[in-house]
Amino acid sequence: MNSNSDLFDPRTEMDSDYARGASSSSDGDFGFAFNDSNFSDRLLRIEIMGSPSECRLDGEGCTSIVDWARHRKRRREDIKKENALDLTLGAEEQILGCNQPDMDDGLGLEDQDEEAEAMVEEASGDEAANSNESSWSMDCSTVLRVKTLHISSPILAAKSPFFYKLFSNGMRESEQRHVTLRINASEEAALMELLNFMYSNTLSVATAPALLDVLMAADKFEVASCMRYCSRLLRNMPMTPESALLYLDLPSSVLMAEAVQPLTDAARQYLAVRYKDITKFQDEVMALPLAGIESILASDDLQIASEDAVYDFVLKWARSQYPKLEERREVLGSHLARFIRFPYMTCRKLKKVLTCNDFDHEVASKLVLEALFFKAEAPHRQRSLAAEESATLNRRFVERAYKYRPVKVVEFELPRQQCVVYLDLKREECANLFPSGRVYSQAFHLGGQGFFLSAHCNMDQQSSFHCFGLFLGMQEKGSVSFAVDYEFAARIKPTEEFVSKYKGNYTFTGGKAVGYRNLFAIPLGFFHGRRQYLLHKWRPPP
């Protein structure tokens, strides 16, 4: 069956004899029958309406996707200002006002099926007088021109639930030969392309602005196959930040979301890849709208120092884009919080989340509590939780590709300040150390000083083989002097006990580090296919 077929689309159940008789029309090329009286049973009268604010087609004069977006924004603003006039029905023919405002004006299509059915009913005098309240009404002050086409109702009904309902509702209007549609001049070219597609399964336009116009028309008339066709063509075009954001800003009706999902997925992926290192595009990223920020934050491959940095960036962006506290809280709580992976934030930063005024206190408490429970889980349980969420949109337990490796820290105040730091290195991380790589941990604190771990691939000077080295460093440099007692312990398998390797005391000065070049006293190649578990204890000397 043709991939553009609509009749057997699972979203549209058509069980009548009329639909079954029309099924074959959805599979072939019937372009020869378009506007041919010999192959038509209806006459479609298209009234092209105009107003001072609409004197050209959407795509006309638009040489780029940016021009198209700007022009549509002006159109939306103009439509909001215009007063919708009466939509009248002729005595002998039905008139359908199909120029509803763009769905991104806030008029969703959740009840699209009911609205389409209501449109084919004959309105009474009172209903016609009040029809300006309908989202399908329009400014009918100026008729620029009229087009008349010969159409085949089985072909159109097979492609579109909208036309199927129009031609098969069992009412008097469904038996009439003449049907009239009223559209804006800005939709004329797109509608003609759409009607031709319903016969031939092809389009004559190839530019992004024109394809977007056809896509919008296909959404209004529920031609899912055309929406998928336009989506595929747009997806094969070179993507830009402007076009990606425009695709994510398309109307969000249920039909649209399903038919254009591959296009919006490609747009999100493009933004995630382009801005994976947000530090290189700070100005650009800070200017992105909410949809763009969500696409970037959803990525596992975000190249950033730590989840603490993600949290700081989100707060900075939200404060810039939403100066009002109530709006900012709503956006953070309803949209952005789910993209921050709180379980991988440090405990010091989680404490700040609880006192952050930008988050609702109840929301902040829930997020922090969930993060702490995750941190308390054993490593194998953490991996299990991450695996369960890896196939879902909510990936709060999935670790990103941080520049600095997360650690688990247990702090003690008595009998004296000390901490136990757990560093879990994956197999691929160990493999990537060869021949001269390094892995740095995120910072942790003891006695008010910041520390970090550094795993190296070293050359054993005695045996001349590559080995695993681990070092403890202090963040502060210069004249700061800080003495600690330390102990290094490690294990290769999670079922094993930690084995103490080295212990001692050291005074940090001038950014120096302490550690061991061959922690396991075996070649690094031994760890290929294995996971290392390292435990380190530090405390200030008495």
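Here is a walk through the structure, from the overall layout to the cores, the salt bridges and the surface.

What you're looking at is a predicted model. The chain has 542 residues, and 49% of them count as buried. DSSP gives it 20 helices and 15 strands. If you take the contacts between residues at least 6 apart in sequence, 72% join residues at least 24 apart. On the outside, the chain exposes about 26000 Å², with carbon and sulfur atoms supplying 51% of that.

Let's go inside. In soluble globular proteins, nonpolar side chains tend to be buried together. Here the largest nonpolar core holds 94 residues, and Phe 342 and Phe 359 touch the most other members. Leaving out residues up to four places away in sequence, Phe 342 touches Tyr 311, Ala 337, Leu 350, Val 353, Phe 359, Leu 367 and Ala 371. Apart from this core lies another one, of 29 residues, including Val 421, Leu 425, Phe 468 and Leu 519.

Polar residues can be buried too, and Gln 382 is a case in point, with 17% relative accessibility. You'll find Gln 382 in helix α19, which covers residues 379-389. Beyond residues up to four places away in sequence, Gln 382 touches Phe 374, Lys 375, Glu 377 and Lys 408.

Next, the cysteines. The disulfide count is zero. Take Cys 226: its closest cysteine sulfur, in Cys 230, is 4.1 Å away, so the two are too far apart for a bond. Cys 226 is buried, at 0% relative accessibility, while Cys 347 is partly exposed at 37%.

Now for the charged pairs, since the structure holds 16 salt bridges. One of them joins Lys 147 to Glu 188, with the closest N and O atoms 3.0 Å apart. Lys 147 sits in strand β3 (residues 142-151) and Glu 188 in helix α7 (residues 188-200), so this pair ties together parts that are 41 residues apart in sequence. Lys 147 is partly exposed at 30% relative accessible area, whereas Glu 188 is buried at 9%.

Glu 187 has a partner as well: Lys 220, at 2.3 Å between the closest N and O atoms. This pair links distant parts of the chain, with Lys 220 in helix α8 (residues 208-220) and Glu 187 in the loop between β4 and α7, 33 residues apart. Both Lys 220 and Glu 187 are buried.

A salt bridge between two helices comes from Asp 312 and Lys 349, at 3.0 Å from N to O. Asp 312 belongs to helix α15 (residues 307-321) and Lys 349 to helix α17 (residues 347-354), so the bridge ties together parts 37 residues apart in sequence. Asp 312 is partly exposed at 36%, and Lys 349 is buried at 13%. There is also a network of salt bridges, linking Arg 45, Glu 47 and Arg 182.

Strand β4 (residues 178-184) is worth a look for Val 179, which is buried at 2% relative accessible area. Val 179 and Thr 148 are 31 residues apart in sequence, with their C-alpha atoms 9.8 Å apart in space.

Finally, back to the surface. Val 410, Phe 412 and Tyr 422 form a nonpolar patch there, with about 220 Å² of accessible area together. Val 410 lies in strand β6 (residues 408-412) and is partly exposed, at 31% relative accessible area. Patch members need over 30%, so Val 410 meets that cut-off with its 31%.

How values were computed
Residues numbered from 1 in each chain as written. Predicted model: local features only at pLDDT ≥ 70, side-chain atom pairs only at ≥ 80, totals over all residues. Heavy atoms only, no water. Patch = residues over 30% accessible without salt bridge, like charges linked within 9 Å, V, L, I, M, F, W, Y side chains within 5 Å. Areas by Shrake-Rupley, 256 points an atom, 1.4 Å probe, with all protein chains shown as cover. Salt bridge = Lys/Arg side-chain N within 4 Å of Asp/Glu carboxyl O. Helix = DSSP H or I, 4+ residues; strand = E, 2+ residues; numbered from the N terminus. Buried < 20%, exposed > 50% of the residue type's maximum accessible area, 1.4 Å probe, protein only. Core = buried A, V, L, I, M, F, W, Y, C linked by side-chain atoms within 4.5 Å. Contact = heavy atoms within 4.5 Å. Disulfide = S-S within 2.5 Å.
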